[in-house]
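Welcome, and thanks for opening the viewer. Keep the selection box handy, and we will go from stop to stop together.

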Amino acid sequence: MTRTVPNPGGTAPAPDPAGPQVGNVAVADAVPRHASTDASDRMAELLSDLRSVRRAARTVTGRLGEEAVDGVESACKHLLHRLDLGVDHTVVVILGGTGCGKSSLFNALAGMEFAEVGAIRPTTSRPAVCVWGDGTDRLLRWLGVERDMWIQRDSTLEEHIKELRGLILVDLPDIDSIAPGHCETVNELIPLADMLVWVTDPVKYADRSLHARYLTPMREHEGSMVVVLNRVDTLQPADAASVLEDLTAQLARDGLTQAPVLATSAVMGQGVEELRGLLARATRSRTTSVLRAATQLREVASGLRNAVGQSTEPIAASREWVESAQAEAVEALRAFCGAAAAVDALAAGLEPVSVAPPGMDQVRVVLLTWLQCVLDRVPPPWGPAIGHTLASSQNICARLSEAMDGVSPGPRPSWLARLMRRGQVHRERSLRFDLDVCERLTAVVSRTMTAPTLAVLEDWAATQATLGEVLSRAQGPGSRSAESGPRGATGGPD
Ligand SMILES: Nc1nc2c(ncn2[C@@H]2O[C@H](COP(=O)(O)OP(=O)(O)O)[C@@H](O)[C@H]2O)c(=O)[nH]1
Ligand SMILES: [Mg+2]
């Protein structure tokens with residue numbers, strides 16, 4: 001009574017030939033302690049993506065301010081912290097509504113009565129943890145589990161204990177608990193879990209709190225989820241099949257089409273072995289934590305990309321319109337400083353010409369026209385970001401005065417040259433003068449307006465490219481979803 005579970009392929013780790021150690025006990029069994037090539041490749045890819053997202057966030061912060069990247073750095077640090085704690089252990093949380101049998105399933109998997117089971121609800125108020133193997137202290141501290149709430153299963157002899165080595169199973173309070181603090185505890189632990197086992201039962205499987213508050217918003221993480229319909233012993237087999245079908249249809253409406261759905265009875269033992277096998281494979285694959293972290297990072301990258309805004313044109317096109325904005329600005333300044341009239345006068349052989357640097361009001365007009373052009377072309381918040389990097393009108397005025405200092409058409413041509421070459425000599429002089437003025441104006445506009453604008457646009461394009469790469473890699477040929485569908489992120493039923 002299980003939704004078909006595909007082979008995720010390539011996730012099975014290679015055994016460690018050196019005979020790895022847990023504490024001082026050799027673990028030469030089916031549970032390899034070193035990452036397989038697949039696991040280390042995925043880890044390397046994830047670390048590189050993490051670096052990229054942090055770099056993108058830093059670039060954006062430099063341009064748009066802290067608020068634009070709110071939470072990105074802390075989310076990345078959280079993921080790095082989890083990865084730093086190692087992939088040898090897999091944190092699986094059991095969660096769901098009151099009385100569905102979470103604690104009973106926990107005990108059935110643990111093979112002992114450790115979690116409090118109760119007819120009076122809600123019973124579980126603090127997370128109870130069962131650890132298979134050792135070396136988990138740092139992880140348990142990170143999870144915030146109190147010492148009296150965890151128990152260790154360690155044996156090199158008992159098969160069912162050996163196969164779960166590396167598993168950290170957490171029994172959580174109820175997601176629909178009315179008791180204060182229970183929901184908060186659950187919500188705090190969800191981001192820390194490598195895998196989530198959602199437990200429901202024939203009475204509660206359509207509950208809004210489960211579907212609307214948790215499953216639908218978390219559908220992107222379905223690759224790290226398992227859904228369990230517990231208490232099937234309370235139904236006739238035919239009814240159990242139809243409830244399971246109904247639940248599967250509801251999950252599809254939530255956006256979950258790949259997560260395994262199991263039917264269990266914690267008290268009768270039905271489906272418990274299947275669930276145990278699934279957890280064993282997820283733990284053994286040693287990619288479960290990496291894949292969950294990758295999904296979390298994808299969510300962060302996607303949020304950042306939305307905040308940053310998507311470009312509608314390539315950077316080359318942006319360069320083109322910035323160049324033409326520069327030409328317009330130079331033309332306006334040329335007119336404001338009297339150069340356009342002076343050039344005409346010189347061409348007509350008139351003297352003297354007077355050219356003065358543009359005034360503050362004129363520079364302001366040029367700056368505002370520039371900004372309007374920017375705001376028309378780039379989405380918020382990049383327009384204001386460019387505005388902040390442009391030089392002030394005072395600064396531009398000062399630079400223009402400096403640049404225009406000493407500009408002159410040069411000495412008047414001799415009477416002989418005028419006589420011999422007629423109007424040609426005036427045209428040449430006027431053109432030379434015009435070129436000199438335009439070069440001086442262009443140098444100032446380029447430094448104070450064009451270069452800062454392009455620098456921001458290039459940062460924007462680079463940020464988008466970086467985030468696009470991270471997000472497309474997540475869907476590319478090497479990704480979990482492309483290999484085996486999101487279900488592979490459980491690490492794998494194989
Ligand atoms: N018939 C039946 N009863 C169950 C099953 N699982 C749990 N229960 C009972 O349901 C009640 C609540 O169980 P508990 O594990 O505390 O649920 P939790 O609140 O989800 O942790 C207890 O009386 C259990 O004995 C099951 O699979 N079948
Ligand atoms: Mg409980």
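How many helices and strands does the chain have? Colour by secondary structure and you should find 18 helices and nine strands. Please keep in mind that this is a predicted model. Of the 494 residues in the chain, 44% are buried. Among contacts with a separation of 6 or more, 77% are between residues 24 or more positions apart.

**Stop 1: the sheet**

Show the strands on their own. Seven of them form an open sheet with mixed pairing, and the order to trace is β5-β4-β6-β3-β7-β8-β9. Which strands stand at the edges? They are β5 (150–153) and β9 (261–263); each has a single partner strand, so one side of each has no neighbour in the sheet. If you follow the sheet across, the average twist from one strand to the next is 20 degrees.

As a reminder before we zoom in, strands in a sheet pair through backbone hydrogen bonds, in either a parallel or an antiparallel sense.

**Stop 2: from β5 to β6**

Begin at the β5 edge and select residues 128–132, which make up β4. This strand runs parallel to β5 and is joined to it by four bridges. Label Trp132 and look across to β5, where Arg153 stands opposite.

Now add β6, residues 167–171. Its pairing with β4 is antiparallel and spans four bridges; Ala128 has Asp171 in β6 as its bridge partner. With β3 (90–96), β6 pairs in the parallel sense over five bridges. Here the bridge partner of Val92 is Leu169 in β6.

Are the faces of β6 covered or uncovered? Both are covered: Leu167, Leu169 and Asp171 lie on one side, Ile168 and Val170 on the other, and all are buried. That is five of the five residues in the strand.

**Stop 3: β7 and β8**

Move along the sheet and select 195–200 for β7 and 225–229 for β8. These two strands pair in the parallel sense over five bridges, and Leu196 has Met225 in β8 as its bridge partner. Show the side chains of β8 next: Met225, Val227 and Leu229 point one way, while Val226 and Val228 point the other way. All of these residues are buried, so β8, like β6, has five of its five residues covered.

**Stop 4: a helix across the sheet**

Select residues 102–110 to bring up helix α3. This helix lies across β3, β4, β5, β6, β7 and β8, and runs at about 155 degrees to β6.

**Stop 5: ligand 1**

Centre the view on ligand 1 and show the 20 residues around it. Which of them come nearest? Gly101, Lys102, Ser103, Ser104 and Ala266 do. Colour the shell by residue class and you get 11 polar, five nonpolar and four charged residues.

**Stop 6: two arginines with positive phi**

Open the backbone torsions and pick Arg231, in the loop between β8 and α8 (237–254). Its phi is positive, at about 65 degrees, although the residue is not a glycine. Arg231 is buried, with 26 other C-beta atoms within 10 Å.

Then pick Arg286, in the loop between α9 (272–285) and α10. Its phi is also positive, near 60 degrees. Arg286 counts as buried, with 29 C-beta neighbours inside 10 Å.

**Stop 7: a helix pair**

From Arg286, go on to α10 (residues 288–308) and add α2 (residues 72–84). How do their axes meet? They come within 10 Å and cross at roughly 170 degrees; the cut-off here is over 145 degrees, and the two helices are therefore roughly antiparallel. To see the contact, show Val72, Ala75, Cys76, Leu79, Arg82 and Leu83 in α2 against Ser289, Ala293, Gln296, Leu297, Val300 and Leu304 in α10. By class, this contact has nine nonpolar, two polar and one charged residues.

**Stop 8: Cys438**

Finish on helix α17 (residues 424–475) and select Cys438 within it. Is Cys438 buried, exposed or partly exposed? With 17 other C-beta atoms within 10 Å, Cys438 is partly exposed. Leaving out residues up to four places away in sequence, Cys438 touches Val330 and Arg334. Put a distance label between the C-alpha atoms of Cys438 and Val330: they are separated by 6.8 Å, although the residues are 108 apart along the chain.

Conventions
Residues are numbered from 1 along each chain as its sequence is written. Chains are lettered from A and ligands numbered from 1 in the order in which they are written. This is a predicted model: local features need pLDDT of at least 70, side-chain atom pairs count only at pLDDT 80 or more; totals for chains, interfaces and linings use all residues. Axes are lines fitted to C-alpha atoms, for helices over the stretch in contact, and angles run from 0 to 180 degrees between N-to-C directions. Angles under 35 degrees count as roughly parallel, over 145 as roughly antiparallel, 65 to 115 as roughly perpendicular and the rest as oblique. Two residues are in contact if their C-beta atoms, placed from the backbone, lie within 7 Å. Ala, Val, Leu, Ile, Met, Phe, Trp, Tyr, Cys and Pro count as nonpolar, Asp, Glu, Lys and Arg as charged, and the others, Gly among them, as polar. A residue is near a molecule or strand if its C-beta atom, placed from the backbone, lies within 6 Å of it. A residue is buried if 20 or more other C-beta atoms lie within 10 Å of its own, exposed if 12 or fewer, and partly exposed in between; C-beta atoms are placed from the backbone. Two strands pair if DSSP finds at least two bridges between them.
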